[in-house]
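Got your viewer open and your mouse ready? Take a look at the structure below, then follow along one selection at a time.

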Amino acid sequence: MTALYKHPEFRLGARDMMVVAPGMAAWGLMTGVAMIKSGLSLVEVLMMGLLVFAGSSQLAALPLIIAGAPMWVVLATALCVNLRFMVFSVHLRSYVMHQPFWRRLVSGYFTTDPTYVQFTKRFPHPADDAAGRRAEAAYLAGNSALGWANWMLASLLGMALANAIPVRWGLGFAGILALLGILSSLATTRLRVLAAAVAGSVAVVTFALPLKLNIIVAIVLAVAVCLLLEKPFLEAHARKANTPKKNSHEPSD
Amino acid sequence: MNPATDLWTVVTIVGMALLTIVTRCFFFLSSHPWPMPAWLQRGLHYAPIAALAAVIVPEMVMTQGHFISTWQDARLFAVAAGVAWYYWQRGMLGTIIVGMAVYLPLHVGLGW
């Protein structure tokens, strides 16, 4: 078995991550700044930065830890912020189940939001042969390796320069713009645009829910609405197009 | 001065790291066969874009838990510019750069 990094898909995965890396780096940078400024000790900040590897859960937990909230509250919050990863893992299951246990854990741990989205965009359907699986593994490795290194370097830089980077500039917004770019690239069908609209609105309306539960509520509702509308929508579409061929309109891609 | 390291905080942080692993790997921890119903398989095609929207939209239109009450918010203009750039040039890097080029002057300069 030759090394994955020699596979052409490794470079492709890294290249896809490269175009959003500056935005993710700005976000990582500001997460590093926020961790230092929160008042955690350097050891705590380094551990959180290097091990937790989930920006949104880190930012949600920081104020709670500092306020002296009970551990279960901090962990429950981190869990709820992370619930969307469980949805990702349902999706990725058929791509990784052929791997041994430890390998699956590694694949999962390094799959952040941009990696999950770009991976499932590159491979809409799981491969069923060895060559295809290898291509998937190589892409995932290249994409997540660059994503991890980029995030960690930016995070460490943010910790080092915490007092030199003004928080009020709001540089972290570049991370939101990076995810916005990925979102735009996914908005290829009307049902997907609808999914984004439903999820975005629900996340705002239910923002007051505790433990950031608004995110998972928004995802589940958006998926449910799209599933319900899929059939009538496609039928109407087919009637309008007035053609018996259905190859041009895959339900969800 | 660097604050002292607290054991409970360290334990909490390790717990958070475990949660990252458990949630990201949740449905492939067990290798028990689990045929996915067809509707779920179809539904999951909407999950990536829904997850992104759920994460970023509140960050664009809310301030401290409340829907913004003014149009003088740098984020709105940055998002509009970023999306416009994406549909013009199809470039994600450009989306970030153009968005920040609009955001920073408005936010830092005008305080929007």
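Here is a short tour of this model, which is a predicted one.

**Stop 1: where the chains touch**

Show chain A and chain B together. How many residues does each chain bring to the contact? Chain A gives 83 residues and chain B gives 63. Now keep just the chain B side and colour its helices: α1 (7-25), α2 (38-43), α3 (47-61), α4 (74-89) and α5 (92-109) of chain B each supply at least two residues of the side that touches chain A. Try colouring that side of chain B by residue type as well: you'll get 44 nonpolar residues, 15 polar ones and four charged ones.

**Stop 2: a pair of helices in chain A**

Next, select residues 113-122 of chain A, which form helix α8, and residues 173-186 of chain A, which form helix α10. One bit of background before you look: two packed helices are described by the angle between their axes and the distance between the axes. Here the angle is about 20° and the axes are 11 Å apart. Angles under 35 degrees count as roughly parallel, so α8(A) is roughly parallel to α10(A). The crossing of α8(A) past α10(A) is left-handed.

Which residues meet here? Turn on side chains for D113(A), P114(A), V117(A), Q118(A) and K121(A) in α8(A); across from them, in α10(A), pick L179(A), I182(A) and L186(A). By type, the residues of this contact are five nonpolar, one polar and two charged.

**Stop 3: helix α11**

Move on to residues 190-205 of chain A, the 16 residues of helix α11. Put a distance label between the C-alpha atoms at its two ends and you should get 22 Å. At 1.5 Å a residue the helix should span 22 Å, so the two values agree.

Which residues of α11(A) are buried? Highlight L191(A), R192(A), A195(A), A196(A), V198(A), A199(A), G200(A), V202(A) and A203(A), which are buried.

**Stop 4: the loop after it**

Finish in the loop between α11 and α12 (214-241) of chain A, and click on L211(A). L211(A) has a positive phi of about 60°, although it is not a glycine. K212(A) lies in the loop between α11 and α12 too, and K212(A) also has a positive phi of about 60° without being a glycine.

Is each one buried or exposed? L211(A) has 16 C-beta neighbours inside 10 Å, so it counts as partly exposed. K212(A) has 24 inside 10 Å, and the cut-off for buried is 20 or more, so K212(A) counts as buried.

How values were computed. Residues numbered from 1 in each chain as written. Chains lettered and ligands numbered in written order. Predicted model: local features only at pLDDT ≥ 70, side-chain atom pairs only at ≥ 80, totals over all residues. Helix = DSSP H or I, 4+ residues; strand = E, 2+ residues; numbered from the N terminus. Expected span 1.5 Å × (residues − 1). Buried ≥ 20, exposed ≤ 12 C-beta atoms within 10 Å, placed from the backbone. Axes fitted to C-alpha atoms, helices over the stretch in contact; angles between N-to-C directions. Parallel < 35°, antiparallel > 145°, perpendicular 65-115°, else oblique. Left-handed = near helix turned anticlockwise from the far one by under 90°. Contact = placed C-beta atoms within 7 Å. Nonpolar A, V, L, I, M, F, W, Y, C, P; charged D, E, K, R; others polar.
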